[in-house]
Each structure stands twice: as C-alpha cells, then as structure tokens.
Amino acid sequence: MKQILFFIFLSFSFKLTAQPDDSLQIRKIYSAALTKGKAYGWLDYLCNNIGGRITGSPQAAAAVDYVKKELDQLQLNKVWKQEVMVPNWIRGEKEVAWIEQGGKNIPLNICALGGSIGTPTGGLKANVIEVNNFEELKNLGREKVSGKIIFINHPMNPESINTFSAYGEAGTYRYDGAVKAAQLGAAGVVVRSLNLSLDDFPHTGAMGYNDSTPKIPACAISTNDANKLSAALKQNKSIYLYFKTSCRKEKDVLSYNVIGEIKGTEFPDEIVLVGGHLDSWDLAQGAHDDGAGVVQSMEVLNIFKTLNIQPKRTIRCVAFMDEESTWTGPVLYAKMAKQESAKHIAAIESDAGGFSPRGFSFKGDTLKCLTVMKWKKLFTQYGLSDWDFGYGGSDINQLEDQGTLLIGFEPDSQRYFDYHHSANDTFDKVNRRELELGAASMAALTWMLSEYGVK
Ligand SMILES: [Zn+2]
C-alpha cells in the first residue's frame with residue numbers, strides 16, 4: 001500500500017511540471033531530426049566549402065554570411081548580426097622542428113599555439129629541458145632554465161572517465177606554459193598536445209602572455225613526437241631542439257555573432273537560447289569544434305519550423321564568434337542581453353563535439369536546476385542519463401550574472417580530444433546520426449523549457 005501511495009505521489013508530482021503529451025512531442029522532435037534534419041548538410045558546407053574559421057579570416061567571414069543566409073531561409077521572426085571586433089592571429093608558414101641526434105636531424109610535428117609570437121626569422125635552437133609540471137620547472141631555477149627550450153610533457157590523465165576533466169587539469173600547461181617558462185628566462189616552450197591518443201597531430205589552442213614577463217614563442221608537439229623527444233632526452237640530455245614559426249598578430253577585424261529567433265506566443269520576453277561557436281582553429285575544418293554545435297543549434301529552430309511548433313517562449317539560436325581566443329563575441333552578446341527588456345531564462349550550449357548524446361550539465365540556481373533535472377525521465381530512452389550539476393559552456397557562461405540557467409549539452413566524450421584543435425577535426429569524423437540525435441536532444445529540452453519555463 002505504501003508503495004502504491006508512493007507511486008501515486010511520484011506521478012502526481014511529475015505532472016506538476018510535465019504532461020503526458022510531452023513524451024509524444026519529444027518523439028516527434030527526434031523523428032524530425034532523424035528524417036528531415038538539415039544539420040549534417042550545413043556542417044558539410046561549413047567544413048568542406050568554407051573550412052577552418054579562425055577569427056579574422058576570410059573563412060570566418062564566409063561562415064557568418066552562410067549561417068545568416070541559411071537562418072534567413074528558415075523564415076524565422078528575426079535574423080540579425082551583432083558586430084564584434086575579433087583578434088586576427090595569423091599562423092604564417094608551416095612550422096618546422098627537429099632534434100639533432102646521432103649526426104642527423106630528426107623532424108618533429110609541431111604547431112604554434114594560438115596567440116604565440118613567432119621565433120626569430122632563422123628559427124630558435126637551444127638545449128631542451130623536459131618537465132612534467134610547473135613544480136618541477138620552478139625547482140630547476142633560473143640558472144638551469146635560462147636560454148633553454150622548456151618541454152612540458154604533461155599527458156592528459158587517462159584515468160578520467162570524462163575526458164573534459166583531464167583536459168581541464170592539463171590545459172594550464174598549454175595556456176600558462178610560456179609565462180611560467182619565461183619567468184625563469186627560457187627562450188621558448190614546447191607543450192605536449194592535449195590528446196589522449198598517440199598520433200602525429202599537433203593540437204593548437206589558446207595560450208597567454210602577461211605584461212610583466214617577456215614573450216617567448218610557444219608551440220605544441222604531437223603525442224608521438226613528445227614521446228620521441230622524451231626518449232631522446234633520456235639518452236642524451238644535451239641534444240639541441242630547433243623550431244621555426246612565423247605566426248604574428250595583426251589588427252583586430254570586424255566580425256559578427258549571428259542570431260535568429262522564433263518569437264514566443266505567450267511569453268515573448270522570456271528567451272531560451274541555444275548556441276555554439278562559429279569560429280574554429282585554422283588547422284582543420286572545425287567539424288566537432290564547433291561546427292557541430294552551430295548546426296545543431298540552427299537545427300533546433302529548423303525542427304520547430306518543420307513541426308510547426310509555436311513555442312510559448314522565444315527561442316533564440318546564436319552562432320557565437322571568438323570563443324577560441326578572447327571571447328569577445330560571447331561577452332558582447334551578454335552585454336546586449338543585459339540591455340534587452342527580455343530575459344534569458346535558460347541557455348543551452350553545444351561545444352563538446354557531435355557525438356552520441358549522454359545528458360546535460362547544469363549551472364545556476366539550485367532549485368531551477370533541480371526543476372529541469374526532473375525531466376530526465378523523458379530523455380533516458382534516447383540515451384541521455386547523465387543529468388548533473390556542472391558547467392554550461394564558455395559562450396553562455398557570460399550570461400551567468402543575469403540569473404540564466406546554464407545548460408551544457410553533453411555528448412560522449414571519449415573521442416573528442418583525438419580531433420580537438422588539430423588537423424584531424426574534419427567532417428568525415430562526424431557521424432550523421434550522432435549529430436542528429438544531439439540536435440534532437442537539444443530541441444527536445446528547448447521545447448520543454450519553452451513550454452514550462454524555469455521556476
Ligand atoms: Zn569549442
């Protein structure tokens with residue numbers, strides 16, 4: 001009896017926030033994504049016809065025009081571009097690196113880190129010191145480090161089940177490595193690529209300088225070659241490493257966030273945002289990072305139009321510009337949002353690859369998070385069982401102080417860092433059904449948010 005009462009209570013409390021028809025509507029949304037979706041075709045175009053979309057590049061400009069044009073064709077209530085000045089860092093010639101070993105030059109696969117200065121025109125040649133972490137670097141002291149190239153060989157932790165935790169832990173070596181090494185007088189820094197696989201692709205990504213430390217050139221080395229360099233140093237600590245990069249920073253360039261929306265019928269001043277970032281690194285097509293997130297966000301609007309769903313609340317898709325370097329697009333968008341009379345009640349970001357959906361992670365007011373997390377039972381049959389407190393994403397994070405519920409779409413994380421920021425991040429690595437299931441998951445949650453709001 002107690003059990004029966006408990007079940008009655010459970011179903012009653014569930015009905016307060018979700019009606020039985022919800023599961024039917026969600027089923028329709030998945031079917032539309034899997035049979036009438038446009039996401040895969042859009043991604044094909046972004047990757048194969050436009051290519052890498054680093055901020056300030058002609059490809060980024062072409063991607064802005066393309067997304068605007070495609071959103072225009074969806075017959076939304078409003079499509080517009082928001083101006084934003086973005087950095088214009090240029091890689092220059094393909095990087096060259098080698099070690100001198102046994103009278104031979106052994107080539108290494110490296111790439112400059114985003115934002116780095118280049119080496120002198122003739123390249124940089126020096127002895128190398130390998131460290132695993134900043135503690136080891138500090139213990140070496142200025143005398144040993146001065147004039148050397150510091151090789152930070154810190155692998156991502158393979159024991160982390162969610163690879164983003166490993167990325168978070170190891171990411172500091174890519175971002176802060178140059179400053180820490182330069183503080184002790186190093187001439188350059190080479191950082192092991194943030195990749196859990198062993199392969200020949202160097203992985204770029206943002207790095208930072210500060211005003212009180214000299215700027216030194218910074219690059220990433222492929223995981224295979226990091227192991228090769230480490231083995232060579234074990235045999236002979238006095239080998240020379242040579243590398244040459246010609247990257248440089250030019251004047252900022254005018255670019256845009258691209259925005260499209262369907263007005264809410266009952267609560268137009270309550271906005272549910274879906275978004276990803278349109279810029280990528282220059283080495284590849286930016287398929288998983290983050291072409292996938294952009295086309296999935298566009299797909300949310302397309303599904304609403306295809307099924308002729310008139311949302312109660314306003315649904316807005318944002319293709320953010322400049323997530324990879326300095327977040328100018330997301331910051332400016334949040335500023336605009338603050339000035340609007342409408343309020344962003346929730347925002348969903350897809351920036352973890354176009355892989356099979358696993359769940360969502362929530363950041364914001366605890367009660368609001370818990371209200372939405374109750375909807376999990378509608379999604380488990382589609383493979384979304386991970387609904388946890390966590391991080392929304394770096395684009396939508398800028399909305400945090402506006403009380404917006406931040407939601408990160410979480411696909412399976414095991415393969416993402418094989419591709420992330422490397423020449424390996426290409427369209428053929430994206431599986432159509434996985435991409436579509438992700439878009440459907442975002443659309444279904446967007447629909448629930450537009451029906452019930454966030455209380
Ligand atoms: Zn990204």
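**A walk through a predicted zinc-binding model**

Let me start with Arg415, which is partly exposed, with a relative accessible area of 31%. On this scale buried means under 20% relative accessible area, exposed means over 50%, and partly exposed is in between, using a 1.4 Å probe on protein chains only. Please keep in mind that this is a predicted model: local features need pLDDT of at least 70, side-chain atom pairs count only at pLDDT 80 or more, and totals for chains, interfaces and linings use all residues. Residues are numbered from 1 along each chain as its sequence is written, and side-chain values use heavy atoms, with hydrogens and water left out.

So what does Arg415 pair with in a salt bridge? Its partner is Glu434, and the closest N and O atoms are 3.2 Å apart. Arg415 sits in the loop between strand E16 (405-411) and helix H12 (416-419), while Glu434 belongs to helix H13 (residues 432-452), so this salt bridge ties together parts that are 19 residues apart in sequence. Glu434, at 14% relative accessibility, counts as buried. Two terms there: a salt bridge is a side-chain nitrogen of Lys or Arg within 4 Å of a carboxyl oxygen of Asp or Glu. Helices (H or I, at least four residues) and strands (E, at least two) are DSSP runs, numbered from the N terminus.

How many salt bridges does that rule give? The count comes to 19. Let me show you a few others among them.

Take Arg313 and Glu270. Their closest N and O atoms are 2.7 Å apart. Arg313 is in strand E12 (residues 313-320) and Glu270 is in strand E11, so this bridge ties together parts that lie 43 residues apart in sequence. If you click on the two residues, you will find Arg313 buried, at a relative accessible area of 3%, and Glu270 partly exposed, at 25% relative accessibility.

Now for a bridge inside one helix. Lys228 and Asp225 bring their side chains together in a salt bridge, 3.5 Å from N to O. How far apart are these two in helix H7? They are three residues apart in H7 (residues 223-235), which means a separation of about one helical turn. Lys228 is partly exposed, with 36% relative accessibility. Asp225, in contrast, is buried, with a relative accessible area of 3%.

There is also a group to look for: Glu261, Lys263, Arg316 and Glu340 are joined in a network of salt bridges. Try selecting these four residues together.

On to the metal. Which residues coordinate the zinc ion? The donors are His277 through NE2, Asp289 through an OD atom, and Asp351, which is listed with OD twice, at distances of 1.9 to 2.7 Å. Along the sequence, the donor residues follow the spacing H-x11-D-x61-D. His277 lies in strand E11 (residues 267-277) and Asp289 in helix H8 (residues 287-306), so this pair ties together parts that are 12 residues apart in sequence. Are His277 and Asp289 buried or exposed? Both His277 and Asp289 are buried. A donor here is an N, O or S atom within 2.8 Å of the metal (3.2 Å for Na, K and Ca), and since water is not among the atoms, sites may look incomplete.

Stay with Asp289 for a moment, as the backbone there deserves a look. A cis peptide bond joins Asp289 to Asp290, with omega at about -5 degrees. Asp290, like its neighbour, is placed in helix H8. As background, most residues other than glycine have a negative phi, and most peptide bonds are trans.

That brings me to two residues with a positive phi. Gln75 has phi near 55 degrees, a positive value in a residue other than glycine. Where is Gln75? You will find Gln75 in the loop between H4 and strand E1 (78-90), and at 60% relative accessibility Gln75 counts as exposed.

The other is Asp322, with phi near 75 degrees, again a positive value in a residue other than glycine. Asp322 has its place in the loop between E12 and helix H9 (328-339). At 0% relative accessibility, Asp322 counts as buried. So here are two loop residues to compare on your screens: Gln75 is exposed, whereas Asp322 is buried.

Thanks for listening, everyone!
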